Amino acid sequence: MHGLYAITPDWADSKRLLAACDAALRGGATILQYRNKLATPAQALEQASALRALTSNHGASLIINDDLALALAVDADGVHLGGDDGDLAAARAQLPAGKILGASCYNQLALAQQAVAAGADYVAFGAVFASGTKPLAVRAELTLFAQARALGVPAVAIGGIDTANAAQVVEAGADCIAVIGALFGADDIEARARQLAGMFHVKQLERA
Ligand SMILES: Cc1ncc(COP(=O)(O)OP(=O)(O)O)c(N)n1
Ligand SMILES: Cc1nc(C(=O)O)sc1CCOP(=O)(O)O
Ligand SMILES: [Mg+2]
């Protein structure tokens, strides 16, 4: 797991959402999370199903935020759960083999250790910068990513990441950058995705 992890905005217009996600995937996002806090259950099923087909066409992974039942219903590649979204071990037990379980760990390495013990495949830390999407999110230090290496699972950075600060996050050791506002708020989403995904290519070249 590596690269640009795109997370959807709360858009009701499914046609607009699909076109924007298509652009993000064309630009190089390798993972797409369906996160729509405003959708009705019927709309969430419709949008998630459409994103399942889209991500499959792009060879990208689809993760569903918050909702294990929806992830199972659309045969997503996995589910992302935060502290209030249900028990990680119980979700692990319900997910078919090979599916991805992601966990929010905010600014706490201890939460990440517990998440891995419960079966999480990746851990997420944030907010690494001030987030316009989630202004009240607790802030997380970039030093967490070096500490998280010992966990043996990929670490995702989230919160306020944009083209001006993404390189710092990659340099700190994050395996993925999860982005909403700086990606889906761009005039040219494909170009913005290419810029953000490109941060990892620079790092690979530096290591070569
Ligand atoms: C990759 C990733 N990291 C963190 C979150 C945040 O999850 P959570 O704390 O449950 O908050 P909501 O997204 O549900 O508002 C995430 N969704 N994805
Ligand atoms: C959904 C979410 N979770 C966060 C956390 O810190 O756990 S920050 C965040 C919002 C990310 O959106 P943007 O890229 O627009 O800042
Ligand atoms: Mg959640």
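Gly counts as polar here, alongside the residues that are neither charged nor in the nonpolar group of Ala, Val, Leu, Ile, Met, Phe, Trp, Tyr, Cys and Pro. The charged class holds Asp, Glu, Lys and Arg. All views show a predicted model.

**View 1. The shell around ligand 2.** Ligand 2 is surrounded by 17 residues. The closest are Gly-126, Ser-131, Thr-133, Gly-159 and Gly-181. By class, the shell holds eight nonpolar residues, eight polar ones and one charged residue.

**View 2. The cis peptide bond at Gly-126 and Ala-127.** Gly-126 is among the closest residues to ligand 2. A cis peptide bond joins Gly-126 to Ala-127. Its omega is about 5°. Ala-127 sits in the loop between strand E6 (122-126) and helix H6 (144-148).

**View 3. The shell around ligand 1.** Here 16 residues surround the ligand. Gly-82, Ser-104, Ala-124, Ile-158 and Ala-178 are the closest. Four strands each supply at least two residues of this shell: E1 (3-7), E5 (100-104), E6 and E7 (155-158). The shell divides into six nonpolar, seven polar and three charged residues.

**View 4. Packing of helices H1 and H2.** Helix H1 covers residues 14-26, and helix H2 covers residues 41-58. Their axes lie 10 Å apart, at an angle of about 25°. Angles under 35 degrees count as roughly parallel, so H1 is roughly parallel to H2. The crossing of the two helices is right-handed. H1 contributes Ser-14, Leu-17, Leu-18, Cys-21, Asp-22 and Leu-25 to the contact. From H2 come Glu-46, Gln-47, Ala-50, Leu-51, Leu-54, Thr-55 and His-58. Seven of the contact residues are nonpolar, four are polar and two are charged.

**View 5. Backbone at Asp-75.** Asp-75 is not a glycine, yet its phi is positive, at about 55°. The residue lies in the loop between helix H3 (68-73) and strand E4 (78-81).

**View 6. The annotated span, residues 4-183.** An unreviewed UniProt entry lists these residues as "domain: Thiamine phosphate synthase/TenI". The C-alpha atoms at the two ends of the span lie 10 Å apart. Helix makes up 38% of the span and strand 19%.

Definitions and conventions:
Residues are numbered from 1 along each chain as its sequence is written. Chains are lettered from A and ligands numbered from 1 in the order in which they are written. This is a predicted model: local features need pLDDT of at least 70, side-chain atom pairs count only at pLDDT 80 or more; totals for chains, interfaces and linings use all residues. UniProt positions are given in the numbering used here, feature names are shortened, and annotations may be inferred rather than shown by experiment. Axes are lines fitted to C-alpha atoms, for helices over the stretch in contact, and angles run from 0 to 180 degrees between N-to-C directions. Angles under 35 degrees count as roughly parallel, over 145 as roughly antiparallel, 65 to 115 as roughly perpendicular and the rest as oblique. A crossing is left-handed if the near helix is turned anticlockwise from the far one by less than a right angle, and right-handed if clockwise. Two residues are in contact if their C-beta atoms, placed from the backbone, lie within 7 Å. A residue is near a molecule or strand if its C-beta atom, placed from the backbone, lies within 6 Å of it.
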